[in-house]
Amino acid sequence: MKHIGAGIAIAGIGSATGNLIVDNHLLSQIVETNDEWISTRTGIKERRLVNSDGCADLAVSSLAEIAAQAAQAALAMAEISATDVDLIILTTSTPDDLFGSACQIQALIGAKGAVAFDLTAACSGFVFGLVTAAQFIRTGVYRNVLLIGADILSRWVDWSDRSTCVLFGDGAGAVVLQANSVDRLLGFELRSDGSQNNCLNLAYKSQPKSLVKDIAVGSGGYQSITMNGREVYRFAVAKVPEVIEKALYRANLLTEDVDWLLLHQANQRIMDAVAQRLKLPPEKIISNLAKYGNTSAASIPLALDEAVRAGKIQSGDIIATSGFGAGLTWGAAILRWGK
Ligand code: ACO
């Protein structure tokens, strides 16, 4: 059955995190850092990492498993079963399998009727995935889309580099996007700028491997995360307010109409500066960064899930959300909460 011109609404949301709590004091045993530096520069107090020590009682150790947990919670809230899902989009930069992990999640949750694929846009992944999912629903192709943002960046952090290892945590967040008579995605804007790609990388480094004389192929591996923190900071503070204003314009709304500012949880100083530029009061900022650190593609649905379950976000509220990160990529979406 087709649903041409259907609107889109978030019918369910869920999240899951790593179960190993690493606070700033524990980090100071790993690298030369301290709680005061991390707290004042980033706002992060602790992060939840996926434990890889092989303990049998730690159920979750893969990206697919953590994502499946979040997905199941979202399906339960939406009151649909996995077999009702038409499409699964996994946004991640850290799949268990470079060929993609969306199909692994499909198998874990038993979404037999769905088609599943990965989408990579680093910390902008959730917003890019939201807009991608919306196209399939609006054109009437699919009715129920499971969108998951999940990352295990602890696998790719250089644990001797204090300038990056203090920032990241592991997590997953999922939403069920549904065809709806009223459209709740009011506006969006997506951007990228590859000329600044070298600001933030998790890059493949090739090592030549000789096959026969004069013929070699690349046989390397992925390097740890590298980041020009100051450049990323400058980029975020300049571009995020701009892209939110553009998305609000497309939604025919003003900044004063915004009830909640839900940014990618990278740094509290970035969130505060963006709110200030948009002239939004601090109490409108949704932030759970202190507890989870930067969970990349998971950070927005993770914060949204907590705020919804805490009863903070109410039906009818306008949410301005924005993701930004490697690529460089950035984007914003304006949502009205509810069905
Ligand atoms: N503990 C103690 N000292 C530290 C630490 C640490 N963990 N890390 C760096 N320092 C030191 C530096 O060595 C430097 O010392 P020096 O002055 O003696 O050379 C000093 O602190 C200042 O370092 P800066 O890098 O200039 O610190 P800054 O104020 O810029 O803060 C930070 C760094 C927090 C990374 C900031 O630049 C930032 O938040 N940038 C944005 C990063 C971000 O959001 N990244 C994620 C993007 S999303 C994605 O796609 C993954």
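User: Which helix gives the most to the shell around the ligand?

Analyst: Helix 7 does, with four residues; helices (H or I, at least four residues) and strands (E, at least two) are DSSP runs numbered from the N terminus. The model is predicted, so local features need pLDDT of at least 70 and side-chain atom pairs pLDDT 80 or more, while totals for chains, interfaces and linings use all residues. Residues are numbered from 1 along each chain as its sequence is written, and side-chain values use heavy atoms, with hydrogens and water left out.

User: How many residues surround the ligand?

Analyst: A residue is near a molecule if one of its heavy atoms lies within 4 Å of it. Here 25 residues surround the ligand, and the closest are T33, R41, C123, R230 and N267. Among the elements that each supply at least two shell residues are helix 2 (35–42), helix 7 (229–250) and strand 16 (318–325). Domain 1 (7–182) and domain 2 (187–194 + 226–336) each provide at least three residues of the shell; the bounds come from an automatic or database domain assignment.

User: Which polar contacts does the ligand make with W37, G229 and N267?

Analyst: A polar contact is a pair of N or O atoms within 3.5 Å. A ligand oxygen is 2.5 Å from an N or O atom in the N267 side chain, and a ligand oxygen is 3.2 Å from an N or O atom in the side chain of W37. At G229, a polar backbone atom is 2.9 Å from a ligand nitrogen. The protein covers 76% of the 1,000 Å² of accessible area that the ligand has on its own, by the Shrake-Rupley method with a 1.4 Å probe.

User: Where does the backbone have a cis peptide bond, and where a positive phi outside glycine?

Analyst: Most residues other than glycine have a negative phi, and most peptide bonds are trans. In this model, a cis peptide bond with omega of about -5° joins G327 and L328, and L328 lies in the loop between strand 16 and strand 17 (329–336). A122 has a positive phi of about 45°, and this residue is in the loop between strand 5 (115–119) and helix 5 (125–138).

Note on methods
Polar contact = N/O pair within 3.5 Å; in protein donor to acceptor, adjacent residues only side chain to side chain.
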